[in-house]
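Good morning, everyone, and thank you for making time for this. I would like to walk slowly through one model today, so please have the sequence and the picture in front of you as we go.

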Amino acid sequence: MKTHPINSKTGQYTFFENVWAVVRLIPIGRVTSYGAIARYLGSAGSARMVGYAMNAAHGQTPSVPAHRVLNRNGMLTGKHHFGSSDAMQVLLEKEGIVVKNDTVNQFVTLFWDPNVELL
DNA sequence: CGATTGACGTACG
DNA sequence: TCGTACGCCAATC
């Protein structure tokens with residue numbers, strides 16, 4: 001299900017909001033990667049844009065669970081963009097995800113690939 | 001409209 | 001194994 005929400009301000013489709021729509025679909029206790037989302041949206045090489053979208057996702061409504069989006073190694077690369085440096089890890093742990101050394105344990109098992117789960 | 005900006009990913013030494 | 005370099009491309013300035 002490729003959702004393409006419309007920007008309420010501009011009335012235009014934006015890559016950012018497509019990213020947010022996918023991120024909101026991530027089940028609790030599961031995680032995915034920037035690259036996976038980029039591929040799902042048809043822009044395989046736009047992984048950086050996904051991260052950039054997360055940067056702009058702060059304060060969005062409905063909220064965007066950006067803490068469930070990690071890099072391809074399952075590392076919490078964006079933790080510094082949350083309130084405190086530990087906020088992201090705390091959010092994940094609240095969902096039952098174990099984080100050690102800024103990396104999600106069992107990342108492969110918990111990985112939620114929109115290309116597989118949604119399609 | 002060109003330059004800049006990245007919460008990435010891959011390649012290379 | 002680790003650090004650096006670079007391509008990627010939408011949004012912003």
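How many helices and how many strands does chain A have? Chain A has six helices and four strands, and I should say straight away that what we are looking at is a predicted model. If you start at the N terminus and follow the chain, the elements come in the order α-β-α-α-β-α-β-β-α-α.

Let me add some overall values before we turn to particular residues. Chain A has 119 residues, of which 40% are buried, and the area that chain A exposes is about 6800 Å², with carbon and sulfur atoms supplying 54% of it. Among the contacts in chain A with a separation of 6 or more, 62% are between residues 24 or more positions apart.

Now please find the DNA. Which residues surround DNA strand C? They are Thr 14, Phe 15, Phe 16, Gly 45, Ser 46, Arg 48 and Met 49, and of the atoms of DNA strand C that come within 4 Å of the protein, sugar and phosphate account for 54%. By kind, the residues of this surface divide into three nonpolar, three polar and one charged, and both α1, which spans 15-24, and α3, which spans 47-57, supply at least two of the residues there. Two contacts deserve a careful look: a backbone N or O atom of Phe 15 lies 2.9 Å from a phosphate oxygen of DNA strand C, while a polar side-chain atom of Arg 48 lies 2.8 Å from a base oxygen of DNA strand C.

Let us stay with α1 for a moment. Is α1 largely enclosed or largely open? Seven of its ten residues are buried, and therefore α1 is largely enclosed by the rest of the structure. The buried ones are Glu 17, Asn 18, Val 19, Trp 20, Ala 21, Val 22 and Val 23, and their cover includes α2, α3, β2 and α6.

This brings us to the interior. The largest nonpolar core has 18 residues, and those touching the most other members are Val 19, Val 23, Ile 37, Met 54 and Val 69; α1, α2 and α3 each contribute at least two residues to this core. Met 54 is a useful residue to select on your screen, since, if we leave aside its neighbours within four places in sequence, Met 54 is in contact with Val 19, Trp 20, Val 23, Tyr 34, Val 64, Ala 66 and Val 69. Apart from that core lies another, made of ten residues, including Leu 70, Leu 76, Leu 92 and Leu 110.

Finally, I would like to point out some details of the backbone. In the loop between α3 and β2 you will find Pro 62, and the peptide bond from Thr 61 to Pro 62 is cis, with omega near -5°. Asp 102, in the loop between β3 and β4, has a phi near 65°, which is a positive value in a residue other than glycine. Gln 106, in the loop between β4 and α5, is not a glycine either, and yet its phi is positive, at about 55°.

Why does Gln 106 count as exposed? Its relative accessibility is 55%, and exposed means over 50%, whereas Asp 102, at 28%, counts as partly exposed.

How values were computed:
Residues numbered from 1 in each chain as written. Chains lettered and ligands numbered in written order. Predicted model: local features only at pLDDT ≥ 70, side-chain atom pairs only at ≥ 80, totals over all residues. Heavy atoms only, no water. Buried < 20%, exposed > 50% of the residue type's maximum accessible area, 1.4 Å probe, protein only. Contact = heavy atoms within 4.5 Å. Areas by Shrake-Rupley, 256 points an atom, 1.4 Å probe, with all protein chains shown as cover. Near = heavy atom within 4 Å. Polar contact = N/O pair within 3.5 Å; in protein donor to acceptor, adjacent residues only side chain to side chain. Nonpolar A, V, L, I, M, F, W, Y, C, P; charged D, E, K, R; others polar. Core = buried A, V, L, I, M, F, W, Y, C linked by side-chain atoms within 4.5 Å.
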